[in-house]
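Thanks for making time this morning. I would like to walk through one structure with you, slowly, starting from a single residue and working outwards.

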Amino acid sequence: MSGCKILVVDDEADITELISLYMEREGYHVQTTDNGEDAVAYADTYRPDLIILDVQLGQMDGFDVCKHIREVSDVPILFVSCKSDDTDIIHGLTVGGDDYMTKPFSPSQLVARVKAHLRRQSVNDRQLPYDRAAGEVLRFDGLVIDLPGRTVHVKGKEVFLSTKEFELLVRLAKTPNRAFALDDLYTIVWGHDSMGDTRTLMVHVSNLRKKIEPDPANPIYIVTVRGVGYKFNIKEGNLHVQR
């Protein structure tokens, strides 16, 4: 994974220096900036493989930066912030963040998460949780998941899913009626241990439900299994696979 390009966006010079040091030790090329405006520009010109993004940046905060980048790119975005409130974490993941770490954080844990995101991003074409060569299209009542095309249609209308939302949906839909524990599902989709914090997963499930469920408050596809986690719920014979 060495040689990948990392964009670090943080207005604290000591944090930027620390992150850059650890990223460069792993062989990554690092570009830094301390403001949101430059971050949006660098995302276009530098074309990073991953962005480490602080929330509190000044005039354009990290949430706004993320929203601008998500209009044109699905590059992995890892938020780092001193804000640990659930509301901030939910907002960061809702606007398009893939992960969220609170300050102070362990540099080694940050490196581990960066490696996991890069690994999954770089091998997406070869090692997604489905076989691209199979050319599978999963069809349910009102929901169509085109695996090789990476598209999802709800009642004939295409809906946009982030990379993580799509991987999460595919993982669940490929094994319908199987209950996944929260920690296990997080590890499968994010590629690293949740360390007991599965809020990122739960926010992505909530966002996914808002996009594919007829009534997100009463989901019919992604249902909660009490005391366990989630499963993709279908009735017998309600799955059609087109190859």
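Before I point to anything, let me fix one term: a residue is called buried when its relative accessible area is under 20%. Please also keep in mind that this is a predicted model.

With that cut-off in hand, is H204 buried or exposed? Its relative accessibility is 1%, and because that is under 20%, H204 counts as buried. H204 sits in helix α9, which covers residues 199–212, and its side chain reaches the backbone oxygen of T200 at 2.9 Å. If we set aside the neighbours within four places in sequence, H204 is in contact with L93, G97, D98, S162, K164, E165, L168 and W190.

Let me now turn to the helix itself. The 14 residues of α9 should span 20 Å at 1.5 Å a residue, and the end C-alpha atoms are 20 Å apart, which agrees. H204 has buried company in α9, including L201, V205 and L208.

What does α9 pack against? One partner is helix α8, residues 182–190, with the two axes 9 Å apart and at an angle of about 80°, which makes α8 roughly perpendicular to α9. On the α8 side the contact is made by L182, L185, Y186 and W190, and on the α9 side by T200, L201 and H204, so our starting residue takes part in this packing as well.

There is also a sheet to consider, an open one of three strands in the order β10-β12-β11, with antiparallel pairing. The edges are held by β10 (180–181) and β11 (222–225), and since each has a single partner strand, one side of each is left without a neighbour in the sheet. Helix α9 packs on this sheet, touching β11 and β12, and its direction makes about 140° with that of β11. Between β11 and β12, residues 229–232, the antiparallel pairing runs over four bridges, and one of the pairs is V225 with G229 in β12.

Finally, let me move to another strand, β3, residues 50–54. Five of its five residues are buried, so β3 is largely enclosed by the rest of the structure. From β3, L50, I52 and D54 point one way while I51 and L53 point the other way, and all are buried. Strand β1, residues 5–9, pairs with β3 in the parallel sense over four bridges, and four bridges also join β3 to β4, residues 77–81, again running parallel. L53 of β3 is the bridge partner of V9, and F79 in β4 is the bridge partner of L53.

Methods. Residues are numbered from 1 along each chain as its sequence is written. This is a predicted model: local features need pLDDT of at least 70, side-chain atom pairs count only at pLDDT 80 or more; totals for chains, interfaces and linings use all residues. Side-chain values use heavy atoms; hydrogens and water are left out. Helices (H or I, at least four residues) and strands (E, at least two) are DSSP runs, numbered from the N terminus. Buried means under 20% relative accessible area, exposed over 50%, partly exposed in between (1.4 Å probe, protein chains only). A polar contact is a pair of N or O atoms within 3.5 Å; within protein, one must be able to donate a hydrogen and the other to accept it, and residues adjacent in sequence count only if both atoms are side-chain atoms. Contact means heavy atoms within 4.5 Å. Two strands pair if DSSP finds at least two bridges between them. Axes are lines fitted to C-alpha atoms, for helices over the stretch in contact, and angles run from 0 to 180 degrees between N-to-C directions. The expected span of a helix is 1.5 Å times one less than its number of residues. Angles under 35 degrees count as roughly parallel, over 145 as roughly antiparallel, 65 to 115 as roughly perpendicular and the rest as oblique.
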